[in-house]
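Reader: I'd like a close look at one part of this model, told as one connected story rather than a list. Here is what I have on screen.

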Amino acid sequence: PAASAWVVQAMATTEVAAARRLRDRLGRAGLPATIVEERQANRVAYRVRVGRYRERPVAEVMAKRLREEFGLNPWILPDGD
């Protein structure tokens, strides 16, 4: 089935401070960045994500911007409702 929306993951880290720094940096640039906390067994991963886009091509444009302007290696994920 097709995804109902897409998000661009800019970074995944186990360091909350690094995730917050990137979220804040992207926020200062006017991007809708959030942190998603995911617990697995005895560790926590912090995922910095940008946007929620209805169409994948729009998410691809954001991923390209994150690569070119911020030097990141983002990837696009389906985001269910």
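In what order do the 4 strands of the open sheet come, and is the pairing parallel or antiparallel? Please take me through the sheet and whatever goes with it.

Author: Sure. Keep in mind that this is a predicted model. The chain averages a pLDDT of 94, and 95% of the residues score at least 70. Confidence is highest in helix α1 (residues 16-28), at 98, and lowest in β2, where the mean is 94.

Now the sheet. Its order is β2-β3-β1-β4, it is open, and the pairing is antiparallel. On the edges sit β2 (33-40) and β4 (75-78), each of which pairs on one side only. Neighbouring strands are turned against each other by 40° on average, if you ignore direction. As a reminder of what holds such things together, strands of a sheet pair through backbone hydrogen bonds, either parallel or antiparallel.

Let's zoom in on β1, residues 6-13, which pairs with β4 in the antiparallel sense over 4 bridges. In that pairing, V8 stands opposite I76 in β4. Leaving aside residues up to four places away in sequence, V8 touches quite a list, including V48, V50, Y53, A59, M62, L66 and W75. V8 also belongs to the largest nonpolar core, which has 20 residues; along with A10, L26, L31, V50, M62 and L66, V8 is among those that touch the most other members. β1, α1, β3 and α2 each supply at least two residues of this core. As for how α2 (residues 56-70) is placed, that helix lies across β1, β3 (43-53) and β4, running at about 35° to β1.

Q9 is also found in strand β1. Q9 has a relative accessibility of 2%, so it counts as buried, the cut-off being under 20%. The side chain of Q9 makes a polar contact of 2.8 Å with the side chain of R49. With residues up to four places away in sequence left out, Q9 touches R47, V48, R49, P74, W75 and L77.

One last stop is the loop between β2 and β3, where you'll find A41. Most residues other than glycine have a negative phi. A41 is not a glycine, yet its phi is positive, at about 55°. Unlike the buried Q9, A41 is exposed, with a relative accessible area of 84%.

Definitions and conventions: Residues are numbered from 1 along each chain as its sequence is written. This is a predicted model: local features need pLDDT of at least 70, side-chain atom pairs count only at pLDDT 80 or more; totals for chains, interfaces and linings use all residues. Side-chain values use heavy atoms; hydrogens and water are left out. Two strands pair if DSSP finds at least two bridges between them. Axes are lines fitted to C-alpha atoms, for helices over the stretch in contact, and angles run from 0 to 180 degrees between N-to-C directions. Contact means heavy atoms within 4.5 Å. pLDDT is the predictor's confidence in each residue, from 0 to 100. Buried means under 20% relative accessible area, exposed over 50%, partly exposed in between (1.4 Å probe, protein chains only). A polar contact is a pair of N or O atoms within 3.5 Å; within protein, one must be able to donate a hydrogen and the other to accept it, and residues adjacent in sequence count only if both atoms are side-chain atoms. A nonpolar core is a set of buried Ala, Val, Leu, Ile, Met, Phe, Trp, Tyr and Cys residues joined through side-chain atoms within 4.5 Å.
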